[in-house]
Amino acid sequence: MTATDDRHAEIGSARRRSEDARLVTGRTRWTDNIAPAGTLHVAFLRSPHAHARIERVDVTAAERAPNVVAAFSGADLADEQGSLPCAWVVTEDMRHPEHPPMAVREVRYVGEPVACVVARDWAAAVDALEEIDVDYAPLPAVVDMEAAVADGADLVHADLGTNESYTWVFENGDLDAAMRDAPVVLERRYVQQRLIPTAMEPRSVVCVPEGDEFTLYSATQIPHILRLMLATVTGVPEHRLRVVAPDVGGGFGSKLQVYGEEVLALLLARRLGRPVKWTESRSEGNMTVHHGRDQIQRLTLAAEADGRIRGLKVDLLADMGAYLMLVTPGIPLLGAFMFNGIYKMDAYSFTCTGVFTTKTPTDAYRGAGRPEATYAIERLMDELAAELDLDPIEVRRRNWISHEEFPYDTIAGLTYDSGNYEAATEQALRLLEYDKLRAEQADRRDRRDPVRLGIGVSTFTEMCGLAPSRVLGSLSYGAGGWEHASVRVLPSGKVEVVTGSSAHGQGHETAWAQIAADRLGVPFEDVRVLHGDTAVSPKGMDTYGSRSLAVGGVALYSACDKVVEKARKVAAHVLEAAEDDLEFTAGRFGVRGVPDAGVTIQEVATAAFAAHDLPDGVEPSLDSDATFDPDNFSFPHGTHLCAAEVDTETGMVKIRKYVAVDDVGKVVNPLIVEGQVHGGLAQGIAQALYEEAVYDADGNLTTTTMADYLIPSAADLPEFVTDRTETPATSNPLGVKGVGEAGTIASTPAVVNAIVDALRPFGVSDVPMPCTPERVWRALRAAEGGAR
């Protein structure tokens, strides 16, 4: 018996996040707050061209500028800067060009660094950039993906002879048979626009040399991976390198990266023997932080006359940008396993071609491949419903996996362990008042109201807990997916939890303390959670892919159980009882049948520390650690419904009501879950209505500021109605599934489906994202036919 068998005091409790007291007030350590004595500041000169040869870089005038300590071109560092890593070689013949942290001979996107200035203060470094003289020989920009793969296209990397990085194929079932003589065949083309991750905290890095050792502070999601990659790129021995992620103000995948500025900060600190610091400006970040999405989806769906899906064919062009960064090529492939969604079908084919362009590289952004896949299948389901004149909910019911069929082997090769799509959908329909809104929609159509009502549906699942190392290995990923945790029980009975998961806003310190408090039966306030420092937490695979709780939290759960078993031996000795006769409930070991005999686990910790009377062969410590590597992903799911009003005269879209019913398995802290859902919804709705990274024909990013790249505020978003159903995961003992990306994955198609549903009587079957008023208005004017 364990502490959680009786109390349930912490897991499931809506505790306010303990870390918020310092995070919300800013009374904490962000990387940009760190300034050791003698710190030098770095500024980077960045290319104004999307594509050009570098003929000459002269930094001599910059070196003479006031307060400047040094200035370097890419050529000055060419022998030591190496090439930025790509850890995901998705095919044996994948083309992977060299990617120097600072360009040496050629630039391939606007914003690529070509030189840097190191000065005693930031302003001096920035001013001195104007003194650097660079001669460029412009080359053709390559901006359009479809043009990039056409015959005779200009090349991003001339030595490769092509703009195609790879083609990756997955097939299951007889697609030709599924398509042959199908009563319904739908062909659609959707565009996932390029997005710019916009964390509250910009990127920042400080590197401090300490003899032949270095401490690098970075606003990163991946301190452990970053440490290994920095050692690999620079040659600094891994055991001489410490990486610290202080409190990090958001990441959304953009800080799941090894950036050139991190490598260069280490090289400059080594060369100059002084602490070196760089923090990006917002416009600098928009150009150079890796971007997300950017896919062209060509889809073919075959179905029976009753709406049952026979087969699905997916052809993707995925924009890699100018280079392959840490996991760039693998991101669209994560969607390969999700285009089938929650639906049964007989055949499936997926082909993805990675394409080089002269744009900022892409990589992971919240959801990473799964939002793109969910968007495609959920848009197609609405198109199928319209084709057959079925209600969008009904066509989904005819195709989804029923709750009695779990575990279910999908056409994409995954095994969904648990779920109940029916329950989540019924709950969402009730909360939205679906039938009432459908009646209002019909009334508005009959009255030819210029403001039409649309209802959008998104019934989704996703693969979370990005972890099973064997699966990642089969996909040629360059690392495992396990996670590590340690539990230290101090002499006073207080507890320190060390986790390899690295928080950047998720609330780990609260949730992990709740898990430990429950498993050990100690007060929540007696638990402290440590993370984000490779000297404190030397083992870890960090935070991304909604894996923190489903992998890292379960590692902690197992480590706590090991502590209890260690304590049981000491408690049995103290109580002069057999171990099998002990019960452990609410943090106390008791002897069965002897109510007054007992000792708390914290008292056992003190006895172990004193070590005056321990059983023979028992170490004087309760400390334990555990590594967890699950056998399967976890699969949260849910139903999101959006009611939107669309003004047919102006194109303005207003979300009237949004309902999200998610199933994330067992919930550790419902407040944190609700916060994650709200944040995810904001980002998914933003893709549907607001955000887009725009390049002109010359490869210039035209959305470099927040005046150009529209981020919605709370005033731009509706009030969300959220609820949950619960089917525990079977892939881990906590039964948790993951929630960090669900809102983003589900919400985009729900919103766009609502807009199209409102406009379908006018002949509109698609509105390109983001669905701005202008694009809605143009879609209406371009549609054939008229209001019916």
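How many salt bridges does the count come to? In this predicted model, the count comes to 61 salt bridges. One of them joins R22 to E509, and the closest N and O atoms of this pair are 2.6 Å apart. R22 belongs to helix α1, which spans residues 20-25, whereas E509 belongs to helix α16, so the salt bridge ties together parts of the chain that are 487 residues apart in sequence.

Both partners of this salt bridge reappear in the description of the second largest pocket, where R22 and E509 are, together with V529, L530 and H531, the residues nearest the centre among the 19 that form the lining. The volume of this pocket is about 380 Å³. Helix α16 and strand β21 each contribute at least two residues to the lining of the second largest pocket, and the greatest contribution is that of β21, which supplies four residues. By residue class, the lining of this pocket consists of nine nonpolar, four polar and six charged residues.

Strand β21 is in turn part of an open sheet of four strands, arranged in the order β21-β20-β19-β25 with mixed pairing. Strands β21 (527-530) and β25 (624-628) form the edges of this sheet, each of them pairing on one side only. From one strand to the next, the twist of the sheet averages 15 degrees. Within the sheet, strand β19, covering residues 483-489, is paired with strand β20, covering residues 495-499, in the antiparallel sense and over five bridges; in this arrangement R488 stands opposite E496 of β20. Two helices pack on the four-stranded sheet. Helix α16, which comprises residues 508-520, packs there with contacts to β19, β20 and β21, and its direction makes about 130 degrees with that of β21. Helix α17, which comprises residues 548-575, touches β19, β20 and β25, and the direction of this helix makes about 145 degrees with that of β25. Helix α16 thus appears in three settings, as the helix that carries E509, as a contributor to the lining of the second largest pocket, and as a helix packed on the sheet.

A further open sheet is built from five strands in the order β7-β15-β14-β13-β8, and its pairing is likewise mixed. The edge positions are taken by β7 (164-172) and β8 (184-195), each of which pairs on one side only, and the twist averages 10 degrees from one strand to the next. The edge strand β7 runs antiparallel to strand β15 (residues 347-356), to which β7 is joined by eight bridges; here Y166 has G354 of β15 as its bridge partner. Helix α11, formed by residues 370-388, packs on this five-stranded sheet and touches β8, β13 (292-303) and β14 (309-321), with a direction that makes about 145 degrees with that of β8.

Apart from the pocket described above, the structure also contains cavities, of which six have a volume of 30 Å³ or more. The largest cavity has a volume of about 110 Å³. Its lining is made up of 15 residues, among which L84, H99, Y109, G260 and E261 are the closest to the centre of the cavity. When the residues that line the largest cavity are divided by class, eight are nonpolar, three are polar and four are charged.

Note on methods
Residues are numbered from 1 along each chain as its sequence is written. This is a predicted model: local features need pLDDT of at least 70, side-chain atom pairs count only at pLDDT 80 or more; totals for chains, interfaces and linings use all residues. Side-chain values use heavy atoms; hydrogens and water are left out. On a 1 Å grid over the protein atoms alone, a cavity is a set of points where a 1.4 Å probe fits but cannot get out, and a pocket is an open set with protein on both sides within 12 Å along at least five of seven lines; lining residues have an atom within 4 Å of a point. Grid points are joined across faces, edges and corners, and a volume is the space filled by probe spheres set on the points. Ala, Val, Leu, Ile, Met, Phe, Trp, Tyr, Cys and Pro count as nonpolar, Asp, Glu, Lys and Arg as charged, and the others, Gly among them, as polar. Two strands pair if DSSP finds at least two bridges between them. Axes are lines fitted to C-alpha atoms, for helices over the stretch in contact, and angles run from 0 to 180 degrees between N-to-C directions. Contact means heavy atoms within 4.5 Å. A salt bridge is a side-chain nitrogen of Lys or Arg within 4 Å of a carboxyl oxygen of Asp or Glu.
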